[in-house]
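Please keep the sequence and the 3D view open while reading this note. The points can be checked one at a time.

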Amino acid sequence: MLLLTKFDQKKLIVSPDTIKYIEAIPDTLIIFINGDSILVKESLEEIMNQAILYQAKILQRADALKTQNPS
């Protein structure tokens with residue numbers, strides 16, 4: 001999950017699986033697959049890095065489960 005900050009300082013958590021695309025206009029605009037959008041303070045690079053870390057954690061957990069319960 002991605003921890004992001006709206007411009008009113010409120011924090012929100014977003015699933016990267018719900019993101020269609022992100023634009024820098026120059027603020028960062030996230031467009032979701034359902035058509036909703038939101039402006040956040042984080043840069044494209046920050047969001048991309050968070051998404052990469054999130055996916056890495058998922059893969060690590062899957063690997064750990066596979067190791068614990070070999071078929």
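The points below go through strands, core, loops and a few single residues of this predicted model.

1. Pairing of β1 and β2. Strand β1 covers residues 2-5 and β2 covers residues 11-14. The two strands pair in the antiparallel sense, over four bridges. One position to look at is L2, whose bridge partner in β2 is V14.

2. The turn between β1 and β2. Five residues lie between the strands of this hairpin, and Q9 takes a positive phi near 75° there. Q9 belongs to the loop between β1 and β2. Please note the residue type: Q9 is not a glycine, although its phi is positive, at about 75°.

3. Pairing of β4 and β5. Strand β4 runs from 28 to 32, and β5 from 37 to 40. These strands are antiparallel and are joined by four bridges. Within the pair, I30 stands opposite I38 of β5. The hairpin has four residues between its strands, and among them G35 has a positive phi near 95°.

4. The two faces of β5. Which residues of β5 point to the buried face? The side chains alternate along the strand: I38 and V40 point to one face and are buried. S37 and L39 point to the other face and are not buried.

5. The nonpolar core. The largest nonpolar core has 10 residues: L2, L4, L12, V14, I19, I30, F32, I38, V40 and I47. Two or more residues of this core come from each of β1, β2, β4 and β5. I30 is a useful place to start in the viewer. Leaving out residues up to four places away in sequence, I30 touches L4, I19, Y21, I22, D36, S37, I38, V40 and I47.

6. V40. This residue sits in strand β5. V40 counts as buried because its relative accessible area is 0%, and the cut-off for buried is under 20%. Beyond its neighbours within four places in sequence, V40 is in contact with L4, T5, F7, T28, I30 and I47. S15 is 25 residues from V40 in sequence, and their C-alpha atoms are 14 Å apart.

7. T28. T28 is part of strand β4. With a relative accessible area of 4%, T28 is buried. The side chain of T28 reaches the backbone oxygen of E42 at 2.6 Å. Setting aside neighbours within four places in sequence, the contacts of T28 are I22, E23, I38, L39, V40, E42, S43, L44 and I47.

8. E42. Where is E42 found? E42 is in the loop between β5 and α1, a helix that spans 44-68. E42 is buried and has no salt bridge. The nearest side chain of opposite charge is K11, at 4.9 Å, whereas a salt bridge requires atoms within 4 Å. The side chain of E42 does make a polar contact of 2.9 Å with the side chain of T5. Not counting residues up to four places away in sequence, E42 touches L3, L4, T5, T28 and I47.

9. I33. I33 lies in the loop between β4 and β5. Is I33 buried or exposed? I33 counts as exposed because its relative accessibility is 59%, and exposed means over 50%. Apart from residues up to four places away in sequence, I33 touches D17, T18, I19 and K20. One of these, T18, is 15 residues from I33 along the chain, with 5.7 Å between the C-alpha atoms.

10. K20. Strand β3 holds K20. K20 is exposed, at 58% relative accessibility. Neighbours within four places aside, K20 is in contact with I31, F32 and I33. The C-alpha atoms of K20 and D36 are 9.8 Å apart, and the two residues are 16 residues apart along the chain.

11. A cis peptide bond. The bond from I25 to P26 is cis, with omega near 5°. P26 is in the loop between β3, which covers 19-24, and β4. Please check this bond in the viewer.

Terms used
Residues numbered from 1 in each chain as written. Predicted model: local features only at pLDDT ≥ 70, side-chain atom pairs only at ≥ 80, totals over all residues. Heavy atoms only, no water. Buried < 20%, exposed > 50% of the residue type's maximum accessible area, 1.4 Å probe, protein only. Lys, Arg positive; Asp, Glu negative; His and termini not counted. Polar contact = N/O pair within 3.5 Å; in protein donor to acceptor, adjacent residues only side chain to side chain. Contact = heavy atoms within 4.5 Å. Core = buried A, V, L, I, M, F, W, Y, C linked by side-chain atoms within 4.5 Å. Pairing = 2+ DSSP bridges.
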